[in-house]
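Please look over the points below with the structure open beside them. They concern how the chains meet and how the copies are related.

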Protein chains: 2
Amino acid sequence: MTPAADPQGLTRVPVALAERSYDILIGSGLVRGAGATLAERFPGRAVAIVTDAHVGEIHGPALEASLSGAGIRHHRITVAPGEATKRFAVLEEVVDQILAHRLERGDIVLALGGGVVGDLAGFAAAIVRRGMGFVQMPTSLLAQVDSSVGGKTGINSRHGKNLIGAFYQPGLVLADTDVLDTLSTREFRAGYAEVAKYGLIDDPGFFAWLETNWRGVFQGGRDRVHAIATSCRAKAAVVARDETETGDRALLNLGHTFGHALEAATAYDGARLVHGEGVAIGMCQAFRFSAKLGLCAPMDAVRMANHLKAVGLPTELSEIPGGVGDVDRLMAAIGQDKKVARGKLTFILARGIGESFIARDVDPAAVREFLAEELARD
Amino acid sequence: MTPAADPQGLTRVPVALAERSYDILIGSGLVRGAGATLAERFPGRAVAIVTDAHVGEIHGPALEASLSGAGIRHHRITVAPGEATKRFAVLEEVVDQILAHRLERGDIVLALGGGVVGDLAGFAAAIVRRGMGFVQMPTSLLAQVDSSVGGKTGINSRHGKNLIGAFYQPGLVLADTDVLDTLSTREFRAGYAEVAKYGLIDDPGFFAWLETNWRGVFQGGRDRVHAIATSCRAKAAVVARDETETGDRALLNLGHTFGHALEAATAYDGARLVHGEGVAIGMCQAFRFSAKLGLCAPMDAVRMANHLKAVGLPTELSEIPGGVGDVDRLMAAIGQDKKVARGKLTFILARGIGESFIARDVDPAAVREFLAEELARD
């Protein structure tokens, strides 16, 4: 009996979005059980697997064997790994291949990969025939706990990251925890920053649990499944309350306004800074900025940074190879971030660990002053 | 007092789509009243006017003067006229310009033009920052009664028309009936095909009214406003029942499966065949095919074709300059049409005038035989 055929072996996290509701299945063996799962949930549907060259080489054959075994017609569409793939030219190519394979509206685009593949494939699924079936099979920790849940899809613009896209929910997310064993420590850590984020937003108990049990999360097994499922549940709850980010959902951006600016300032060069590292530093900045504004006890900013440091994540601008330029450059990147409302700056700030809140109308002058201090830290 | 400031002078057609509900305003003077209308309905929002070189030259200055007069920040983005504009490269350029002007999520993309501009600009509005404000200002009869209502946006693929896009509702449609005076007779007629369609679908009384009053519709004034408002109301009712075309909405495709195939077979060359002409022939074919299948009285097929002929629309394949190729070519075009469900052919057929219905599982062999007869007609 394969694990996918054995619901007892899997953790199911439902995402409640009325007629767009779906399940996240978390556990072992989901790649090799994918054929049976899809045949049961989406009978008769053909599948376009969108993956990158790296992930496709590792996990493509097992997935394809599983789909073939279940009698599912499938085609593989391969893109280059890396953030640079999230652009119009690649989107056009993926869309063209989906249509060339004559997939219909009810057929499925399956994203096999990390956040880049999920964002790109999801956006393609959203726009081909004005919306096809879509299944996420996230292969990075970051994608499993963040980008594969919630329906944000899209590509980058020269004006900023993720400025072009759609809210488009998958019909199913299959988070196979085995595949995380093929990640580098750096990649795993980057995903861990988003796991810690859920504790920092509104779950101080989970943050304390992570401080004690983070080694188990890195190691695998029960602690890893617990951390992923807790993260998915936290994200699903926020997304269910606010699907298109008109309110509460912005809480998920803790660390992301600073983080995106750092990614922009390093030209999205993953060798220097990957998304989760930007978020790690960004969260530390959000807490330090909150402390500077007198909103949060300085000790909380120190405590959360100490935990991220312990798992090996960067917490300071000075840790970014090559630097990030000056205050003007960072402010320009923040200004183009899409979480700007009518010219005012919006940040997620904190009153303590697990007490984050949305601060609209943040004074740009205060941000400038804070960033100048941050750049002066060593 | 401008007409826009005088709601009594305008016909308002509400489109009921829960939190995506919006109004269609129909009448005289809406372009020069646009500034006041937008300032009242969307206070403080900047506007990106997307238009084509032709329409922008005629109506751009009046619209811009009106926006400036109301203190609204605005930018004009100009694309080339014609169906070829509905492609990825132009979409990318429009999206880039919207972002370059630093428009925010709450700001407005305003489509000033016909169906091409509306489809392209609406798709851009749907995907920039995962959804901006969107206002339609349709300047062709076709756009006023069809494409500007209902939220279908998109671009073409080499695999077929409108295969890439989004369902994205505008926040407001301003249908200025004065601007239709600048259309050529051919363009007006093409739009009229869609007006007649609403009678043919489910309103035999409206069709009979058109048979008597079509000259008034072409001339302008009260009959024109009545025909446009009746069409918008009909479309709004169908869209409200089935926003994303999973059921009833397919009725609006009367004449469109054949029509799209004819557009594809003429390489979307507007000199040979414009959309509304394809729909006119397509509707005649839908009725002749229905008659051939014994579903509809042959006299109804003759009667509806006679009316379209009377207004000067084409009703036969032989009227298309340069021809449309053979049966294989037309069948291939029909097979790629996005209204295919799981390999079966779906057509809108009729039991009589005003009695159209969705026929799923139409036998491709019967379509082939019918098309061979159509090609042999002279």
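The numbered points that follow take up the interface first and the symmetry afterwards.

1. The model is predicted, and the points below should be read with that in mind. Chain A and chain B together bury about 3500 Å², with 46% of that area lying on carbon and sulfur atoms; the contact draws on 41 residues from chain A and 41 residues from chain B.

2. Across the interface of chain A and chain B the rule finds two salt bridges. One of them joins Arg158(B) to Asp96(A), whose closest N and O atoms are 2.6 Å apart. Counting residue pairs in polar contact between the two chains, with both residues at pLDDT 80 or more, gives 10.

3. On the side of chain A that touches chain B, at least two residues each come from helix H3 (88-100), helix H4 (115-127), strand S7 (152-157), strand S8 (160-167) and helix H12 (327-336). H3(A) provides the largest share, seven residues. By residue class, this side of chain A divides into 16 nonpolar, 10 polar and 15 charged residues.

4. How are the two chains related? Chain A is superposed on chain B by a rotation of 180 degrees with 0.0 Å of shift along its axis, at an RMSD of 0.0 Å, and that is the relation of a two-fold axis. In keeping with this, the same surface serves both copies, as 100% of the contact residues of chain A recur in chain B.

5. Among the residues of chain A, the one that comes closest to the rotation axis is Phe88(A), its C-alpha lying at 3.9 Å.

How values were computed:
Residues numbered from 1 in each chain as written. Chains lettered and ligands numbered in written order. Predicted model: local features only at pLDDT ≥ 70, side-chain atom pairs only at ≥ 80, totals over all residues. Heavy atoms only, no water. Contact = heavy atoms within 4.5 Å. Buried area = accessible area lost by both parts, 1.4 Å probe. Salt bridge = Lys/Arg side-chain N within 4 Å of Asp/Glu carboxyl O. Polar contact = N/O pair within 3.5 Å; in protein donor to acceptor, adjacent residues only side chain to side chain. Helix = DSSP H or I, 4+ residues; strand = E, 2+ residues; numbered from the N terminus. Nonpolar A, V, L, I, M, F, W, Y, C, P; charged D, E, K, R; others polar. Least-squares fit on C-alpha atoms with pLDDT ≥ 70 in both.
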